[in-house]
Amino acid sequence: RICKDFLSAENGPKIAEKPKDWWRQWKELMGNASTRKSPYAVIGELLLVLRLKRQGLNPEWTGPDGASHDIELEGLSFEVKSTIERIDEIVTISNQHQLSAGKDKVLYLSLCRFEPNRGNLSINSMKGELTAAGFDGDLLEDRLRKLGYPEGRTSREEKYDLLGADVYVVDRDFPRIVPESFKGEAFPAGVVKLIYDISLSNLERTPLDDYLKLVTDS
C-alpha cells in the first residue's frame, strides 16, 4: 500500500516537490515502531491520570512533552510502567532522570499489569473518559500524536483488561541510579544517558486503590 501510494501518478509530483513533508506525514500516520510506546503503556498513564482526577486532584500528563516524569501534580510525581507479563516484575528505566524526585516533591512509581485482547480499555476509550472528566480533548490528541498515536491509528482501539496496579514510593531504599549515587552528587563526566532494569519483586508496594484512598484522606 505504501509503495502503491508512492508510485501513484497523483502523489508523484507532490513527493518530488516536498519529499520530506510526504515522509513526515507517513511517519506520523504509521508511527515509529522502534520508539513508540506500546498501547498498554499509554493506557497505563492515561488510567492513572483519570484515577487521580477522580480523587479530586489535578494531575498533568507531562510525559509526552518530554518531562522527566509521566504525571505531575502538587507535591507528587509519578513514573508509570506497564506490562502484559503476569509474573515478571522487572521494569526498564530509560533515562537517568526518571527516578530523580523534583524539589519538594515525592516520587512514586506505578506498575500496571494488563491482559491483551480482553476487557474494554483502549487508548480511545481512555481519551473519551478523560474528556468526559474535563480534560481538553485537543490537548490529549496533541500528546497522543507526540507518542506516535495520531487520530485514526487502528492500534488506538486495541483492547486490554487491567489485572492490577501497584504503587511504590521511590525513596533512598528504592533501587535506582541518580546523581546522589556518585561522589559529588553528579554523574561522571561523559555519561549522557543511562538505561537499566530493576526488579520490584522484593519492594514494598501499595495497591493503587488503597493508595488513592490514602491520598484522598490526607
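How do α4 and α5 run, roughly parallel or roughly antiparallel to each other? The model here is a predicted one, and this pair of helices is a good place to start exploring it.

## Helices side by side

Two packed helices are described by the angle between their axes and the distance between the axes. For α4 and α5, the angle is about 20 degrees and the axes are 9 Å apart. Angles under 35 degrees count as roughly parallel, and α4 and α5 are therefore roughly parallel to each other. The crossing of α4 past α5 is left-handed.

Which residues make this contact? On the α4 side you can find Pro 39, Val 42, Ile 43, Leu 46, Leu 47, Val 49, Leu 50 and Arg 54, and they meet Ile 123, Met 126, Glu 129 and Leu 130 in α5. Sorted by class, this contact between α4 and α5 has ten nonpolar residues, two charged ones and no polar ones.

Next, follow α5 to another partner, helix α6, which spans residues 137-146. The axes of α5 and α6 come within 10 Å and cross at roughly 150 degrees. That angle makes α5 roughly antiparallel to α6. Here α5 passes α6 in a right-handed crossing. From α5, the contact uses Ile 123, Lys 127, Leu 130 and Thr 131, while α6 supplies Gly 137, Leu 140, Glu 141 and Leu 144. By class, the contact of α5 with α6 has four nonpolar, two polar and two charged residues.

Helix α4 also packs with α7, at an angle of about 35 degrees and with the axes 10 Å apart. The crossing of α4 past α7 is right-handed. Leu 48, Arg 51 and Leu 52 of α4 make the contact with Leu 208, Asp 209 and Leu 212 of α7. This contact between α4 and α7 has four nonpolar residues, two charged ones and no polar ones.

## A closer look at Ile 123

Ile 123 belongs to helix α5, which covers residues 123-132. Is Ile 123 buried or exposed? With a relative accessibility of 0%, Ile 123 counts as buried. Leaving aside residues up to four places away in sequence, Ile 123 touches Pro 39, Val 42, Ile 43, Leu 46, Leu 144, Tyr 149 and Arg 156. The C-alpha atoms of Ile 123 and Glu 158 are separated by 7.6 Å, and these two residues are 35 residues apart along the chain.

## The nonpolar cores

In soluble globular proteins, nonpolar side chains tend to be buried together. The largest nonpolar core of this model has 34 residues, and Val 42, Trp 61, Ile 71, Phe 78 and Tyr 211 touch the most other members. The elements that give two or more residues to this core include α4 (39-54), β2 (71-73), β6 (160-169) and α7 (208-217). The largest share of this core comes from α4, with nine residues.

Trp 61 is worth finding in the structure. Not counting residues up to four places away in sequence, Trp 61 touches Val 42, Glu 45, Leu 46, Val 49, Asp 70, Leu 140, Arg 143, Leu 144 and Leu 147. Apart from the largest core lies another core, of 14 residues, among them Val 91, Ile 93, Phe 174 and Phe 187.

## Buried and exposed residues

The table compares accessibility for three further residues.

| Residue | Relative accessible area | Label |
|---|---|---|
| Glu 79 | 2% | buried |
| Asp 104 | 70% | exposed |
| Asn 117 | 72% | exposed |

Glu 79 sits in strand β3, residues 76-83. Which residues does Glu 79 touch, not counting those up to four places away in sequence? They are Ser 68, His 69, Asp 70, Gln 98, Leu 107, Tyr 108, Leu 109 and Ser 110.

Asp 104 has a positive phi of about 60 degrees, although it is not a glycine. You will find Asp 104 in the loop between β4 (90-93) and β5 (106-121). Asn 117 is not a glycine either, and has a positive phi of about 65 degrees. Asn 117 is located in strand β5.

Terms used:
Residues are numbered from 1 along each chain as its sequence is written. This is a predicted model: local features need pLDDT of at least 70, side-chain atom pairs count only at pLDDT 80 or more; totals for chains, interfaces and linings use all residues. Side-chain values use heavy atoms; hydrogens and water are left out. Helices (H or I, at least four residues) and strands (E, at least two) are DSSP runs, numbered from the N terminus. Buried means under 20% relative accessible area, exposed over 50%, partly exposed in between (1.4 Å probe, protein chains only). Contact means heavy atoms within 4.5 Å. Axes are lines fitted to C-alpha atoms, for helices over the stretch in contact, and angles run from 0 to 180 degrees between N-to-C directions. Angles under 35 degrees count as roughly parallel, over 145 as roughly antiparallel, 65 to 115 as roughly perpendicular and the rest as oblique. A crossing is left-handed if the near helix is turned anticlockwise from the far one by less than a right angle, and right-handed if clockwise. Ala, Val, Leu, Ile, Met, Phe, Trp, Tyr, Cys and Pro count as nonpolar, Asp, Glu, Lys and Arg as charged, and the others, Gly among them, as polar. A nonpolar core is a set of buried Ala, Val, Leu, Ile, Met, Phe, Trp, Tyr and Cys residues joined through side-chain atoms within 4.5 Å.
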